[in-house]
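Here is a short note to read beside the model, written as numbered points. Please keep the sequence and the structure open as you go through it.

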Amino acid sequence: MASVSGQSTTRVVMLGLGDELFAVDAAAVREILDPVPVTRVPGARDFAPGVINVRGSVIPLADLRVRFGMTAAAATADTRFLVLEIAMEGDPSPMVAGIVADKVYEVTEIEIPSPDATPRVGMSWPADMVAGIALWKGDFVVVPNFTAILN
């Protein structure tokens, strides 16, 4: 966290899923890739149906659209895979996983309110999957809780 003009800010990667904006902690993003072939895993959950090969490493891939109850979408020229390192509760080493984004906008700094400040009324997603709601260029941005999403 940095302090800019007395406000606490976090460096994030802004991405889009449908009409929704999401902010992912930039420190958790290992890399951003053009889509690569996905190998389906029999019996896998709907939101994480397969794995990808990233320079010889097998990485599970999660589709946040499906996890957040949106309709799955075909890849476009803007689709990207983000490879993340996520600290999981009770595990000393971070989990490496990929997520699908309809579009990656930019790396920027935003002020993220505490989870207690996140409104629970009117949200269409399970509250445990949202770490916070922030503002970016006048739009509301969802800060996902990847520990809950990928658990």
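1. Which residue in S9 is the bridge partner of Leu 84? The partner is Ala 97, and this pairing is a good place to start reading the sheet. Residues are numbered from 1 along each chain as its sequence is written. Please note that this is a predicted model, in which local features need pLDDT of at least 70, side-chain atom pairs count only at pLDDT 80 or more, and totals for chains, interfaces and linings use all residues, while side-chain values use heavy atoms, with hydrogens and water left out.

2. The sheet is open and has six strands in the order S4-S8-S9-S7-S6-S5, with mixed pairing. Strands here are DSSP runs of E with at least two residues, numbered from the N terminus, and two of them pair if DSSP finds at least two bridges between them. The edges are strand S4 (29-33) and strand S5 (39-40), each of which pairs on one side only.

3. Both senses of pairing can be followed at S9, since strand S8 (residues 80-86) runs antiparallel to S9 over seven bridges, whereas strand S7 (residues 57-63) pairs with S9 in the parallel sense over three bridges. In the latter pairing, Ala 62 has Ile 99 of S9 as its bridge partner. Strand S9 (residues 95-101) is largely enclosed by the rest of the structure, because five of its seven residues are buried (under 20% relative accessible area, with exposed meaning over 50% and partly exposed in between, using a 1.4 Å probe and protein chains only).

4. At the S5 edge, two bridges join S5 to strand S6 (residues 50-54), and these two strands run antiparallel. Thr 39 has Val 51 in S6 as its bridge partner.

5. The structure holds six salt bridges, each being a side-chain nitrogen of Lys or Arg within 4 Å of a carboxyl oxygen of Asp or Glu. One of them joins Arg 55 to Glu 31, with the closest N and O atoms 2.4 Å apart. Because Arg 55 lies in the loop between S6 and S7 and Glu 31 in strand S4, this pair ties together parts that are 24 residues apart in sequence. Arg 55 counts as exposed at 64% relative accessibility, whereas Glu 31 counts as buried at 16%.

6. Another salt bridge brings together the side chains of Arg 80 and Asp 34 (3.3 Å, N to O). Arg 80 lies in strand S8 and Asp 34 in the loop between S4 and S5, so the pair ties together parts that are 46 residues apart in sequence. Arg 80 is partly exposed, at a relative accessible area of 24%.

How values were computed
Helices (H or I, at least four residues) and strands (E, at least two) are DSSP runs, numbered from the N terminus.
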